[in-house]
Amino acid sequence: MNAPLPEHIRKALETVTLDDKYSLDHGRAFMSGVQALVKLPRLQRLRDAQVGKDTAGFISGYRGSPLGGYDQALWSAAKHLKAQNIVFQPGVNEELAATAVWGTQQLGFAPTGTNKFDGVFGIWYGKGPGVDRTSDVFKHANMAGTTPWGGVIAVAGDDHVAKSSTAAHQSDHIFKACGLPVFFPASVQEILDLGLHAFAMSRFAGVWAGMKTIQEIVESSATAMIDPDRVQIILPEFEMPPGGVHIRWPDTALEQEQRLFDYKWYAALAYIRANRLNHNVIEGPNDRLGLIASGKAFNDTRQALQDLGLDVPTCQRLGIRLHKVGVVWPLEAQLTREFATGLQEILVIEEKRQVIEYQLKEELYNWRADVRPTILGKFDELPGHESGGEWSVPNPTAHTLLRANADLSPALIAKAIAARVKKLSGIDADTLARIDSRLAVLDGKERAMAVVELKADRQPWFCSGCPHNTSTRVPEGSRAMAGIGCHFMSIWMGRNTVGFTQMGGEGVPWVGQAPFSKDAHMFTNLGDGTYFHSGILAVRQSIAAGVNITYKILYNDAVAMTGGQQVGERPEGHSVLQIAQSMRAEGAAKIVVVTDEPEKYQGVTLAEGVAVHHRDELDAIQRQFREIRGTTVIIYDQTCATEKRRRRKRGKMVDPAKRVLINELVCEGCGDCSDQSNCLSVEPLETLLGRKRQINQSTCNKDFSCVKGFCPSFVTVEGGQLKKKAQGKVASPFEGAPLPYPQLPALPHAWGIVVAGVGGTGVITIGQLLGVAAHIEGKGIVTQDAAGLAQKGGATWSHVLIADSQADIATTRVAMASADLILGCDPIVAAGKDTLSRMQPGRTHVALNSYATPTAAFVHNADWQNPAVACVGAVALALGASDATSAQALKALGSFDADAMAKTLMGDTLYVNPITLGYAWQRAGYRSAWTR
């Protein structure tokens, strides 16, 4: 892109840095929700210093999506945290991390003169399943209390749609059961603002504060205002019990319970009320329909209102009141009743199981019938009833209004709001027409999606060269059980791996099955990170039960699923030798180490009786182990392929001067190389003599499993390098006539961009590039990134919303039929339902890479056909074109082979995504070819 930089952007570039999110104490900074959680304790420390208090901070927890990158962000900001006396110490698991955080509040009864600081505030973090396993600590620590200058926030990363989890998670109910008030921020900014309130409330009321985060918020990025004084805190008048509400010693269990039940919760409610953490966002003098929502559901409700043409003046004219809840439990009664006063009906909009709805009904139950509004939420009115309740009928699902399963979207919410608005009296014809018009668009898009036949999909798969391609195989006639980790994907790879457990329970189902099964033995896969977290106890249970089971402890030298962190939390990590010693001490019947590099164990002292074998012997070893009585252990040692790639790029690992190629003149296309390697880098090659195979040198991680088969077509080159593009032979993209500068569109609404591509190729990077660019220009910006298994060769997206101001952006995702631009970095993902549903004829433009890299289906299906051409046609149809060559398609769809261009210009397909972005920008410069 050779466009000149405007002067105001050039000046901004002189001051804006990527470190602003951590280094700035005042000003604008572009950051993700995870990075905001890094900034939050620094802001708290600065606020304390301003009032003369010398405090410190402590952070502990356990990684897991959507908070998988929190520990890495904390490590990257180490110098900034250290300057503010903030200590980050990851926990071995979530429960022990919470216990350590509890310890910071126990400093409140430490011997006089032993404390270095006036108080230590704490942050615990963990994924939804970690919240579940930590409830015992939460209950104890919450009843014990906090210190006046300490305070604790427990941050939960919830996965509402089980995108990267084995179960959908909602932590509100666990926090409530443990007695922690639950904050639910709706934006990156609110993570900072409500976070400061959560600390203040924790200190004031002596309780731990829960904070619920979900992917759409915590993994979004936006411009946030950094200012320690931005949040004005009001400490309410409240009659405290004798001795106050803070931690003390000695303190009996019943005294703690009485203080929590009779004082601390009500002190928290007084804080919520005084600081109006729940408040009306839209209100008028004649309101009759109330909408109440929190977190993501609040954002989606705002978007739904916009989509229906119900802006603030229209809502005020029609009598629609919108209430935003910042603390979902306990629901503060006075603010709630203020909201409900004068309304005829309230629609509760919340994702997953009811939290606000049940509290609202309880609060208003004893109101007089003539002033009590009807409350609807998950269910519509039932025939003969007006309550909207569900438990009094056999099955109310036929009257579902806002589903409890999966998640909600602006489209689902818009339909529910429209249904209620239409029942109001006196709605003018113009308003009804706007509502019906939007509903017609949504209905039309849903009908179109219902008949879409997916040409292909991108199923998540092991990375090229992943150790699991070999380690998760079992001998013929054996079965295996899966567990938590990347190796979970083996359950759909035809490896006779069935069933899974929660984290740390790997293999233990066999304890319950073995007495009743004709099978004499079971294999189970156990990741190294899970082993360190809690999996060692599962092995101990199997040994104690005396079952015949072989644990394959998959030591990949990195916790790959959450970003490649080291195994264990000590600086030296947790080694194969330590695991072998532990397993010997636990009483494993037999232990071996299997590795792709047995030579590295020469001269190393192993635990008694532990032998080292090459990975080529794995099948024979497993056949031997399944005949041994008791619990046996195979430690499979091979470094994560993605981590190898990272380390090689950073010079921390030797990049072997060795490559494998396939001679297409010899190759017969039999597919044995794919069977042997299970590798995505073995791709089809269409020739005049039929389909052959080739090695994608851009993605190959040099595992060399593909050469195990007996195939004369493989050529191994040692000491050589890939041929670079000849200098001067290819025209430079910077030569020739200057490209026209695009005329940037006005932004009457948030401009929606969806980046659709393959996990692991830099889709999120494109979202971040656009985000930082918009931030530098002073625009409002929100990006929302994908995470989890979808990043491993599967379909993934980045949503980008750009507006004139931050306030103009309601949600974090591009809504149905609301995309202005689709960057189709991969045609298969671009033609998938999730992407097609965002397109709208006459509005959406698509910049599409027409080349589709082979999917995982090719690994085991030699006849797989690339659907790229059909995908381009499907996109054209979604844009309202009759085919990919029609006038409408030529106007709205720009399609080109970005893969070939990346190879020609850059010598590597790594650059496909940024080239697609540049193509969209440059095409916009030719107004006759691509206009709105």
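**Exercise 1. Determine how many helices and strands the protein chain has, and judge how compact the chain is.**

Solution. Begin with the secondary structure: the protein chain has 33 helices and 30 strands, where helices (H or I, at least four residues) and strands (E, at least two) are DSSP runs, numbered from the N terminus. This is a predicted model, in which local features need pLDDT of at least 70 and side-chain atom pairs count only at pLDDT 80 or more, while totals for chains, interfaces and linings use all residues. Residues are numbered from 1 along each chain as its sequence is written, and side-chain values use heavy atoms, with hydrogens and water left out.

Next, turn to the radius of gyration, which is taken over C-alpha atoms and compared with the globule rule, 2.2 Å times the number of residues to the power 0.38. The value for the protein chain is 29 Å, close to the 30 Å that the rule gives for 932 residues, so the chain is as compact as a globular protein of that length. Along its principal axes, the C-alpha trace spans about 85 × 75 × 60 Å.

Finally, consider burial, where buried means under 20% relative accessible area, exposed over 50%, and partly exposed in between (1.4 Å probe, protein chains only). Buried residues make up 56% of the 932 residues.

**Exercise 2. Find which residues touch the most other members of the largest nonpolar core.**

Solution. Start from the rule: a nonpolar core is a set of buried Ala, Val, Leu, Ile, Met, Phe, Trp, Tyr and Cys residues joined through side-chain atoms within 4.5 Å. The largest such core holds 124 residues, and Tyr70, Phe138, Trp208, Ile346 and Val875 touch the most other members. Helix α10 (residues 188-205) gives the largest share of this core, eleven residues. Apart from this core lies another, of 34 residues, among them Ile349, Leu401, Ile417 and Ala817.

**Exercise 3. Compare the burial of the two partners in the salt bridge of Glu216 with Arg813, and then in that of Arg420 with Asp380.**

Solution. Side chains of opposite charge can pair when their charged atoms come close. A salt bridge is counted when a side-chain nitrogen of Lys or Arg lies within 4 Å of a carboxyl oxygen of Asp or Glu, and by this rule the count comes to 46.

Take Glu216 and Arg813, whose closest N and O atoms are 3.7 Å apart. This pair links distant parts of the chain, 597 residues apart, with Glu216 in helix α11 (residues 215-218) and Arg813 in the loop between β27 (795-803) and β28 (821-824). Glu216 counts as buried at 8% relative accessibility, whereas Arg813 is partly exposed at 25%.

Now take Arg420 and Asp380, with closest N and O atoms 2.9 Å apart. Arg420 is buried, with a relative accessible area of 2%, and Asp380 also counts as buried, at 19%. Salt bridges that share partners join Glu345, Asp380, Glu381, Arg420 and Lys423 into one network.

**Exercise 4. Work out which strands stand at the edges of the open sheet of six strands.**

Solution. Write down the order first, which is β15-β16-β17-β20-β18-β19, with parallel pairing; two strands pair if DSSP finds at least two bridges between them. Strands β15 (480-481) and β19 (611-614) stand at the edges, each with a single partner strand, so one side of each is left without a neighbour in the sheet. Elsewhere in the order, β17 (residues 549-555) and β20 (residues 631-637) pair in the parallel sense over seven bridges, and the bridge partner of Tyr555 in β20 is Asp637.
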